Amino acid sequence: MKIIILGAGQVGGSLAENLANEANDITVIDSDGVRLRELQDRLDIRTVQGFASYPTVLRQAGAEDADMLIAVTNSDETNMVACQVAFSLFRTPSKISRVRANAYLARKELFGENGFPVDVLISPEHLVTQHITRLIEYPGALQVLEFSNGLVRLVAIRATEGGPLVGHELSYLRTHMPRIDTRVAAIFRKDRPIIPQGDTVIEDGDEVFFIAGTDHIRSVMSELQPLEKPYKRIFICGGGNIGQRLAHTLESRYQVKLLEQNRDRCVMLSENLRKTIVLEGNAANKDILLEENIESTDVFCAVTNDDEANIMASLLAKRLGARKVLTLINNPDYVDLIQGGEIDVAISPQQTTIGSLLTHVRKGDVVNVHSLRRGAAEAIEAIAHGDHRSSRVVGKRLDEIKLPQGTTIGAIVRHNEVLIAHDHLRVQPDDHVVLFLVDKTRIREVEKLFQVGLTFF
């Protein structure tokens, strides 16, 4: 595909890297020449320096014959106007825009037929809020991903001593939980991927990815680590867009406190949130945290715009007794450094956003993409089309499908019924197939499996 990316920041740069590695024709536009040169030195892409929504700049980038425009600059207004220009002047077929401000997102009529011609709206704040909410719903999880409108979930969890399955072969799970069907999609041991077999032994410290119906997630988690008590008290540090959204999402089910430095912002938050206790102050202040009984807090979420402030506040909260610490980290270089130590889960907005963007770039009928392990692995949901003559998967048993190395099928959703993958299962037309790739460089081979041959037409 010929794709133009507007914005060479963290998201734009990571997206360019993902797509350039998959043999797409990529052009990146940004006003920062230094950042563009850094990208061009690393990647096989074109770059254009200029203001992203100017018609002359878009024409120079090749908008006249581009298949897709992805606008992820730091300005909502630039992103929206660029989509309008691409539509009005160049008839670009597909336009994706990142929009952050709730003032725009709350007015659906601004987008679509009679508004800005944006085909897909991406809101990082909304995606990050969803991500954190699922982690709070499933105590102990490192990542919780949804497929088929929530019918199936893929969960990453750290196997710890005391879990009944730890020290046993995977086949023991079937004997121990005969009524619950699940599939372990991958295991990462000391950052090295292992494709699970029945005789694979789960070790203490393994990062285990498993797929199960939503109703069975907690039961499977209890096999891999002692089940944690449900969370009740949530402390949010930072009252920006993410902090406000998170408090609004959680306040009806949990006891929520929100700490924000800016007095005017505190007043606005207290007027707009119904049950959340809004506090003014700095999370790096030990006395404030102690006054607010941080030692009885179940989850401390640091979601300010400052990585260093988030890290320091999280470390302080953990040492003062917070049970679990979730930290928002924008700089991808920090994520690997801090996760798994005193900080329980580091959340990368870039990886969360990129998964959503990749859904619209994948070939074949791919309806869900999730980027995992800082972009090294990927989970996708693809729909099988055609028949046994035109499709490489339809009509075949799972053990007959030639999957790329490092790829596993975890589940099939058929007419809203979840079927956990077993060798004897046959793929039928319109099945939603959930796959896990430990090596995302194989994605093109997976896409080809789900593309319908010419005989179908």
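# Briefing: buried residues, helix crossings and loops

Cys301 is buried, with a relative accessible area of 1%. Buried here means under 20% relative accessible area. The model is predicted. It holds zero disulfides. Two helix pairs, one enclosed helix and several single residues make up the rest of this briefing.

**Cysteines**

- Cys301 is in no disulfide. The nearest cysteine sulfur to that of Cys301 belongs to Cys237, 9.8 Å away.
- A disulfide needs two cysteine sulfur atoms within 2.5 Å, so the 9.8 Å between the sulfurs of Cys301 and Cys237 rules out a bond there.
- Cys266 is in no disulfide either. Its nearest cysteine sulfur is also that of Cys237, at 11 Å.
- Cys266 has 8% relative accessibility, so it counts as buried.

**Helix α14 and its partner α1**

- Helix α14 covers residues 349–358. Of its 10 residues, 10 are buried, so the helix is largely enclosed by the rest of the structure.
- The buried residues include Pro349 at the start of the range, Gly355, Ser356 and Leu358. Gln350, Gln351, Thr352, Thr353, Ile354 and Leu357 are on the list too.
- Two packed helices are described by the angle between their axes and the distance between the axes.
- Helix α1 spans residues 10–20. Its axis comes within 10 Å of the axis of α14, and the two cross at roughly 50°.
- That angle makes α1 oblique to α14.
- The crossing of α1 and α14 is right-handed.
- On the α1 side, the contact uses Gln10, Val11, Ser14, Leu15, Asn18 and Leu19. On the α14 side, it uses Gln350, Thr353, Ile354, Leu357 and Leu358.
- Six residues of the α1 and α14 contact are nonpolar, five are polar and none is charged.
- An α-helix has 3.6 residues a turn, so residues three or four places apart point the same way.

**Helices α6 and α9**

- Helix α6 runs over residues 124–137, and helix α9 over residues 241–250. Their axes come within 9 Å and cross at roughly 45°.
- The two helices are therefore oblique to each other.
- The crossing of α6 and α9 is right-handed.
- From α6, the contact draws on Glu125, His126, Val128, Thr129, Ile132, Thr133 and Ile136. From α9, it draws on Asn241, Ile242, Arg245, Leu246, Thr249 and Leu250.
- This contact of α6 with α9 has six nonpolar, five polar and two charged residues.

**Two charged residues that are buried**

- Glu125 sits in helix α6. Its relative accessible area is 8%, so Glu125 is buried.
- Setting aside neighbours within four places in sequence, Glu125 contacts Arg100, Asn241, Ile242 and Arg245.
- Lys324 lies in strand β16, which covers residues 324–328. It has 13% relative accessibility and therefore counts as buried.
- Beyond residues up to four places away in sequence, Lys324 touches Gly140, Glu228, Tyr231 and Asp298. It also touches Val299, Phe300, Lys318 and Asp344.

**Loop residues with positive phi**

- Most residues other than glycine have a negative phi.
- Ser148 has a positive phi, near 50°. It lies in the loop between β7 (141–147) and β8 (152–158).
- At 8% relative accessibility, Ser148 counts as buried.
- His415 also has a positive phi, near 50°. Its place is the loop between β20 (407–414) and β21 (417–420).
- His415 is exposed, with a relative accessible area of 73%.

**A loop residue and a distant partner in sequence**

- Asn285 is in the loop between β14 (277–280) and α11 (286–291).
- Its relative accessible area is 32%, so Asn285 is partly exposed.
- Asn285 and Leu316 are 31 residues apart in sequence. In space, their C-alpha atoms are 8.9 Å apart.

Notes
Residues are numbered from 1 along each chain as its sequence is written. This is a predicted model: local features need pLDDT of at least 70, side-chain atom pairs count only at pLDDT 80 or more; totals for chains, interfaces and linings use all residues. Side-chain values use heavy atoms; hydrogens and water are left out. Axes are lines fitted to C-alpha atoms, for helices over the stretch in contact, and angles run from 0 to 180 degrees between N-to-C directions. Helices (H or I, at least four residues) and strands (E, at least two) are DSSP runs, numbered from the N terminus. Angles under 35 degrees count as roughly parallel, over 145 as roughly antiparallel, 65 to 115 as roughly perpendicular and the rest as oblique. A crossing is left-handed if the near helix is turned anticlockwise from the far one by less than a right angle, and right-handed if clockwise. Contact means heavy atoms within 4.5 Å. Ala, Val, Leu, Ile, Met, Phe, Trp, Tyr, Cys and Pro count as nonpolar, Asp, Glu, Lys and Arg as charged, and the others, Gly among them, as polar. Buried means under 20% relative accessible area, exposed over 50%, partly exposed in between (1.4 Å probe, protein chains only).
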